[in-house]
Amino acid sequence: MLETLGNLGLGFSVALAPPILFYAFVGCVVGTLVGVLPGVGPLAGISLLLPATFGLDATRAIVMLAGIYYGAMYGGSTTSILMRIPGEAASVMTCIDGYAMARKGRGGAALAIAAVGSYVAGTASVVGLMLLAPPLAAFALRFGPPEYLALLLLGLFVLAYMSSGSMLKSLAMASLGLLLGMVGIDQMSGYFRFAYGLVELGDGLGVVPVAVGLFGVAEILTTAGQATPPHVVRPRLRELLPSRSEWRESAAPIGRGTVLGFLIGILPGSAHIIASFVSYAVEKRLSKRPEQFGQGAVAGLAGPESANNSATSGAMVPMLALGVPSGPIPAVMLAAMMVHGVSPGPLLIQQQPELFWGFVASMYVGNVVLLILNLPLVGVFVNILRVPYPYLYPTILVFSMLGVYGVNGSVVDVWIMLVMGMLGWVLRKLDFETAPVVLGLVLAPMIELSLRQSLAMSDGHYGIFVYRPIAAVLLGAGLLLVLLNLISFARRGLDWRARLALAEKGEETS
Amino acid sequence: MTAHRLVAIVVALALAWPLAATAQEPYPSRPITVVAPFPPGGVADLTARPVAAAMEKVLKSPVAVVNKTGAAGAVGMQFVATSKPDGYTLLLALSSISIIPEADKIFDRQPAFTVDQFVPIALISADPTILVVRAESPWKTAGEFIDDARKRPGQISYSSSGIYGTLHMAMELLSHAAGIKLRHVPHAGAGPALTAILGGHVDALASGPAVVLPHIKSGKLRALAGWGDKRVAALPEIPTFKELGYSDAEFYIWAGLFAPRGTPEPVLARLREATRAAVAEPEFKSAMDKLQTPIAFKQGQEFQTFFDADARRLAEGVRKVGRVEDKK
């Protein structure tokens with residue numbers, strides 16, 4: 001412990017040196033911008049700016065790239081809350097209750113809670129990173145394909161158990177998402193599936209164009225289709241800050257979201273979007289008033305926003321402790337280290353203590369910077385809501401197209417976004433939730449790959465899921481959940497979900 | 001600034017773009033684009049950037065790297081194959097340029113591009129893969145590994161960067177040279193493939209040396225042999241498969257510069273000259289040094305010979321793998 005404090009002292013002496021501080025600040029600002037722009041997520045931001053760091057020394061480059069990474073997670077919430085456009089994929093869940101809050105005139109409060117939740121999650125998860133990195137990383141490596149499949153299935157069961165409204169509709173949407181996730185090169189055989197001769201579809205449908213289409217474009221179309229524009233609740237200045245009861249409601253979800261996000265972030269190959277989905281589901285289940293979810297529940301905003309932020313620190317655990325990438329973003333950061341002649345690996349902490357501890361300390365500093373940066377901006381951003389729809393929406397549409405095009409420079413992506421926008425509009429007219437579609441799209445390739453990898457490992461024997469203890473425990477928990485669900489379903493014809501759906505119906509017709 | 005004005009600026013910039021194109025001027029008279037068909041941070045990108053920077057100095061004209069990614073590189077390669085052969089759009093390709101069209105043939109699909117659509121300019125680097133196993137595994141030498149694989153066909157598993165990917169092809173070439181059968185577990189990229197062996201989920205991996213060296217040094221992995229013509233400089237005690245008598249097990253992760261076929265000869269000559277000067281630049285050398293990637297400059301007939309031999313080995317490798325589900 002004492003040693004850790006000493007090391008952290010060394011780290012802060014590095015991180016607070018003016019040049020490092022400057023690059024951390026630049027990273028945070030750029031990250032916030034990247035997160036705010038619809039469609040441009042942290043991966044695109046880091047990838048685009050990686051070449052710009054080639055001229056810097058290793059510590060500065062890493063500190064700046066990390067700033068972009070977690071800065072984007074902060075910024076991603078802004079457009080989700082104000083305009084229902086996910087700034088990056090992991091903000092999809094923020095769109096639901098955050099936007100509902102903004103509609104009710106609590107946009108400022110929602111932005112403030114998102115910023116504070118992100119800060120708490122960011123800071124607490126760095127403590128986790130600092131104290132637990134080596135043992136946690138070693139544990140995370142034990143997650144091979146079978147464990148990963150078991151975890152994903154457990155996640156799916158949890159979500160099905162907790163989805164709101166009609167279970168049939170949720171499952172239908174999740175299935176649609178899973179089907180969309182089948183597009184692209186089959187990783188195991190090399191077949192192109194459903195690509196219709198378009199090489200661009202080889203990588204499947206991107207999560208970003210689909211999410212921006214289903215949420216943002218669909219929202220714009222729905223509003224445009226109304227005879228009278230919806231009444232905009234103009235935020236009043238003194239209502240910018242969350243009320244005492246809103247703070248109280250957000251405290252526990254922030255805590256839970258932080259822990260969940262960190263643990264999910266550590267696992268190799270997992271996506272931040274999963275952390276925010278699971279957090280949303282957990283909050284809904286634990287809530288005393290689950291019917292408020294989707295109508296502007298504070299917990300439904302605070303939990304997922306915290307989860308996607310702490311997942312960023314979690315993702316850095318295997319990267320720093322072992323030198324293995326836990327996802328595409330850490331992979332780019334590892335490449336940045338190699339460009340600077342730092343060889344990432346298990347010996348990094350011993351061989352380059354200034355880099356490791358300076359990096360950790362810079363994350364504490366960066367989170368403070370982001371909080372200071374984001375809270376005053378709340379007052380600026382909510383003014384977007386004052387812009388009349390006829391000007392605001394076409395502008396948003398243009399920015400969404402630019403953002404989605406900019407990431408891969410692919411016109412195909414823009415078309416995907418537009419088609420998904422139309423689909424989202426139809427689905428909303430028919431009262432379908434679109435979040436499960438995005439989740440299905442994300443999970444389908446992961447579930448498929450891990451299932452087939454597991455079977456490749458075992459030469460086709462399904463026993464592999466039972467003989468490996470972690471996988472067996474996770475699958476057992478999933479089965480238990482399904483059983484519980486069935487029992488409660490059999491006992492009462494109407495479970496809480498159906499009652500909830502009825503309550504929601506009543507509210508909409510009134 | 002209002003959002004409107006921003007939009008106006010973006011539109012104005014977009015409209016001004018194509019004005020730059022004019023012909024009949026000494027080459028290069030405008031910026032050159034080098035397409036890296038893989039995302040930033042990958043081997044192609046990390047090689048392309050120092051090459052572009054050094055060429056910029058030599059040609060005294062901007063050389064920009066553009067990442068055009070997708071479908072394991074096919075999107076970017078197809079883009080260059082079909083772009084105007086004027087020397088302003090070049091491709092930094094890896095070994096997979098020879099693999100993708102072969103894989104397309106196996107599936108009877110319209111190939112995204114063919115190798116004949118390119119002219120080679122220069123080979124920049126060539127990194128032989130090395131065979132690593134976990135430190136606690138029983139095999140101390142490549143000989144023990146191959147003997148055991150012969151005794152237990154299909155039992156020893158390895159991870160790869162993906163089906164028909166470079167790391168897969170390396171193992172396949174070894175399997176055929178040594179007459180063994182290993183169990184293939186494809187992963188979505190070289191990073192996850194490394195994670196899989198470190199986590200003990202597979203037994204072996206073929207990998208570029210730079211990525212696994214830290215794990216060899218820290219005692220987690222053991223190197224058994226290399227696919228190169230010569231031993232890897234950082235691991236002088238590790239033999240090559242050639243030395244061990246498997247002369248067909250030769251494989252490199254190489255990076256080379258290509259132009260679309262039909263590019264005028266004077267332009268190609270200028271580009272060859274520029275790359276030759278570029279790889280001699282000290283900045284370029286130090287950049288490649290940091291990446292621990294050996295420079296292997298070849299051009300003209302020498303590159304063509306290397307390229308043809310490599311393409312022949314890979315094509316044969318892909319054909320021997322065939323369609324995965326056709327087996328058994």
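**A sheet in chain B and the contact with chain A**

In this model, which is a predicted one, I would like to begin in chain B, where strand E1, residues 32–36, pairs with E2(B) in the parallel sense over five bridges. Within that pairing, Val35(B) stands opposite Val66(B) of E2(B). Both strands belong to an open sheet of six strands in chain B, whose order is E2-E1-E3-E10-E4-E11 and whose pairing is mixed. At the edges stand strand E2 (63–67) and strand E11 (295–299) of chain B, and because each has a single partner strand, one side of each is left without a neighbour in the sheet. From one strand to the next, the twist averages 25°. Helix H4 of chain B, residues 96–106, lies across strands E3 (89–94), E4 (118–128) and E10 (252–260) of that chain, and runs at about 85° to E3(B).

Let me turn now to the interface. Here 52 residues of chain A are in contact with 46 residues of chain B, and the two chains bury about 3,800 Å² between them, with 67% of it on carbon and sulfur atoms. Of the area that chain A buries against chain B, 15% is supplied by Tyr191(A), Val199(A) and Met338(A), more than by any other three residues.

As for polar interactions, the count between the chains is one salt bridge, in which the side chains of Arg183(B) and Asp459(A) meet at 3.8 Å, N to O, and there are five residue pairs in polar contact, both residues at pLDDT 80 or more. On the side of chain A that touches chain B, helices H6 (145–162), H12 (328–339), H15 (389–408) and H17 (435–457) of chain A each supply at least two residues, and H15(A) gives the most, with six. The residues of that side divide into 29 nonpolar, 16 polar and seven charged.

Methods:
Residues are numbered from 1 along each chain as its sequence is written. Chains are lettered from A and ligands numbered from 1 in the order in which they are written. This is a predicted model: local features need pLDDT of at least 70, side-chain atom pairs count only at pLDDT 80 or more; totals for chains, interfaces and linings use all residues. Side-chain values use heavy atoms; hydrogens and water are left out. Two strands pair if DSSP finds at least two bridges between them. Helices (H or I, at least four residues) and strands (E, at least two) are DSSP runs, numbered from the N terminus. Axes are lines fitted to C-alpha atoms, for helices over the stretch in contact, and angles run from 0 to 180 degrees between N-to-C directions. Contact means heavy atoms within 4.5 Å. Buried area is the accessible area (1.4 Å probe) that two parts lose on being put together, summed over both. A salt bridge is a side-chain nitrogen of Lys or Arg within 4 Å of a carboxyl oxygen of Asp or Glu. A polar contact is a pair of N or O atoms within 3.5 Å; within protein, one must be able to donate a hydrogen and the other to accept it, and residues adjacent in sequence count only if both atoms are side-chain atoms. Ala, Val, Leu, Ile, Met, Phe, Trp, Tyr, Cys and Pro count as nonpolar, Asp, Glu, Lys and Arg as charged, and the others, Gly among them, as polar.
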